[in-house]
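Reader: I have a model open and would like to talk through how its parts are arranged. Could you take me through it, starting with the sheets?

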Amino acid sequence: MQGVESEESFVGDLYQRFPVTISKGKGCKVWDTNNKEYLDCMGGYGVALVGHCNDRVIKAITTQARELITCHMSVYNNVRLNFLEKFSKIAPINLQKTFFTNSGTESVEAALKFSRKYTGKPGVLALNGSYHGKTFGSLSVTYNEKYRKSFLPLLDNIQFIPYSESNTISEIVTKTNNKIGTVIVEPIQGETGIIMPPPDFLKDIRNICNENDLVLIFDEIQSGLGRTGKMWAGQHWNVEPDIMCLAKGIAGGVPMGLTVMRSEILDCLKVGEHSSTFAGNPLACAAGSATIDSLTEDNLVSNSESMGRIFKSGLLKIKEKYKIVREVRGLGMMLGVEMRFDVKDILLDGIKNGILLLYSGRNILRLLPPIVMKEEEVNKSLELIEKLIYNEEKRRFG
């Protein structure tokens, strides 16, 4: 494979690598250096939300690159303002203040800092199975021991609670109300395997936060921006947080993140208490505006809902046919297929057969395709996934 050995000699062994070298992409398809085509259900771990090389995003980047590429937040910029005005129209109604970041983990770091400054309390409740990033603050509220153990000690005053027991939150808050200031939640857990919350769980947490003056953070880095068939995953349960973290697809593939919040939370910070050199970068903002235009004007959120319904229905039919499939779950184009065995061979078989898939842990196939996917591409993906599962069942049981 072209470039594999030489690239690894520079970047080391920090990533789980797939044996394919991708050279171009368009929509929900990518091509390798031998011009072999793949349906991309990996989607750059959700970054290719509005499709690879989205036409609107390409035009915005090209135009902006000729005008201005960098502009620090210490001066004003019309492209940045244009993005903020567009974003305010799709943001949850009470979250109208924005801090620009460059990635998901930075968005979480900012949220944790802002919440602590606002509440004056260091304690944070996170959930079993949570994934919020790998820098020290975000890693402190990430549950999986394999990410945490080499970097202990992390932040103090972090407690993990079951992802189904809101009464546990209430009990902890009652006992330690002078310390707990923040609850951080993924409305749908992504890294852990597309884990759905119980029906009233998020509403219960919202009520507990209201009753105890806690800040509720939603990490919508993977689930937001139409991924689940609504603009925000929290809308499925009619719950709005106090702070929301975004990144991944927000700028059509250009690195960018946002921490958006209630006005009074950001207003409690003083000048210089938190900043970023690249924050509000005009190239990223131009791409972000184009991404919002694509989401709203190209009806991608409703497409995610309808194509996701077809995709999930097809996966459920596959589950009924093959005993190695344990469960299918998710909403929109954020789907998980839990297998009874390790999925490594399925992923590798997928590459041979022209489809890129993700994993969660050892036994879950995670699907985060671009939400531009058309019905024929959904059906082709289902056809290939069934072939892979058939091959795996045959390997294991003959």
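Author: Gladly, and please keep in mind that this is a predicted model. One open sheet is formed by 4 strands in the order S11-S12-S15-S14, and the pairing in this sheet is antiparallel.

Reader: Which strands stand at the edges there?

Author: S11 and strand S14 (358-360) are at the edges; each has a single partner strand, so one side of each is left without a neighbour in the sheet.

Reader: And by how much are neighbouring strands turned against each other?

Author: On average the neighbouring strands of this sheet are turned by 25° against each other, with direction ignored.

Reader: Which helix packs on the sheet?

Author: That is helix H12 (residues 300-321), which touches S11, S12 and strand S15 (364-367), and whose direction makes about 170° with that of S11.

Reader: Back to S11 and S12 for a moment: over how many bridges do they pair?

Author: Strand S11 (residues 325-331) and strand S12 (residues 334-339) pair over 6 bridges in the antiparallel sense, and valine 328 has valine 337 in S12 as its bridge partner. The two strands form a hairpin with 2 residues between them, and in the turn glycine 332 has a positive phi of about 55°.

Reader: What is the strand order in the other open sheet of 4 strands, the one with mixed pairing?

Author: The order there is S1-S2-S3-S13. Strand S1 (22-26) and strand S13 (355-356) are its edge strands, each pairing on one side only. Within this sheet, strand S2 (residues 29-32) and strand S3 (residues 37-40) run antiparallel and are joined by 3 bridges, with leucine 39 in S3 as the bridge partner of lysine 29.

Reader: Let's switch to helices. At what angle do H3 and H11 pack?

Author: Helix H3 (residues 55-65) packs against helix H11 (residues 282-297) at an angle of about 155°, and their axes are 8 Å apart. Because angles over 145 degrees count as roughly antiparallel, H3 is roughly antiparallel to H11. The crossing in which H3 passes H11 is right-handed.

Reader: Which residues make that contact?

Author: From H3 they are Arg56, Val57, Ala60, Ile61, Gln64 and Ala65, while H11 brings Pro282, Leu283, Ala286, Ala287, Ala290, Thr291, Asp293, Ser294 and Glu297. Sorted by class, the contact of H3 with H11 has 9 nonpolar, 3 polar and 3 charged residues.

Reader: How far apart are the axes of H4 and H11, and what is the angle?

Author: The axes of helix H4 (residues 78-90) and H11 are 8 Å apart, and the angle is about 30°. H4 and H11 are therefore roughly parallel to each other, and H4 passes H11 in a left-handed crossing.

Reader: Which residues of H4 meet H11?

Author: Val79, Arg80, Asn82, Phe83, Lys86, Phe87 and Ile90 of H4 do, and the residues they meet in H11 are Pro282, Cys285, Ala286, Gly288, Ser289, Ile292, Asp293 and Thr296. The contact of H4 with H11 divides into 8 nonpolar, 4 polar and 3 charged residues.

Reader: Zooming out, how many helices and strands does the protein have?

Author: Its secondary structure comes to 14 helices and 15 strands. The radius of gyration of the protein is 21 Å, close to the 21 Å that the globule rule gives for 398 residues, so the protein is as compact as a globular protein of that length.

Reader: And what does the C-alpha trace span?

Author: Along the principal axes of the protein, the C-alpha trace spans about 60 × 55 × 45 Å.

Conventions:
Residues numbered from 1 in each chain as written. Predicted model: local features only at pLDDT ≥ 70, side-chain atom pairs only at ≥ 80, totals over all residues. Heavy atoms only, no water. Axes fitted to C-alpha atoms, helices over the stretch in contact; angles between N-to-C directions. Parallel < 35°, antiparallel > 145°, perpendicular 65-115°, else oblique. Left-handed = near helix turned anticlockwise from the far one by under 90°. Contact = heavy atoms within 4.5 Å. Nonpolar A, V, L, I, M, F, W, Y, C, P; charged D, E, K, R; others polar. Pairing = 2+ DSSP bridges. Rg over C-alpha atoms; globule rule 2.2 N^0.38 Å.
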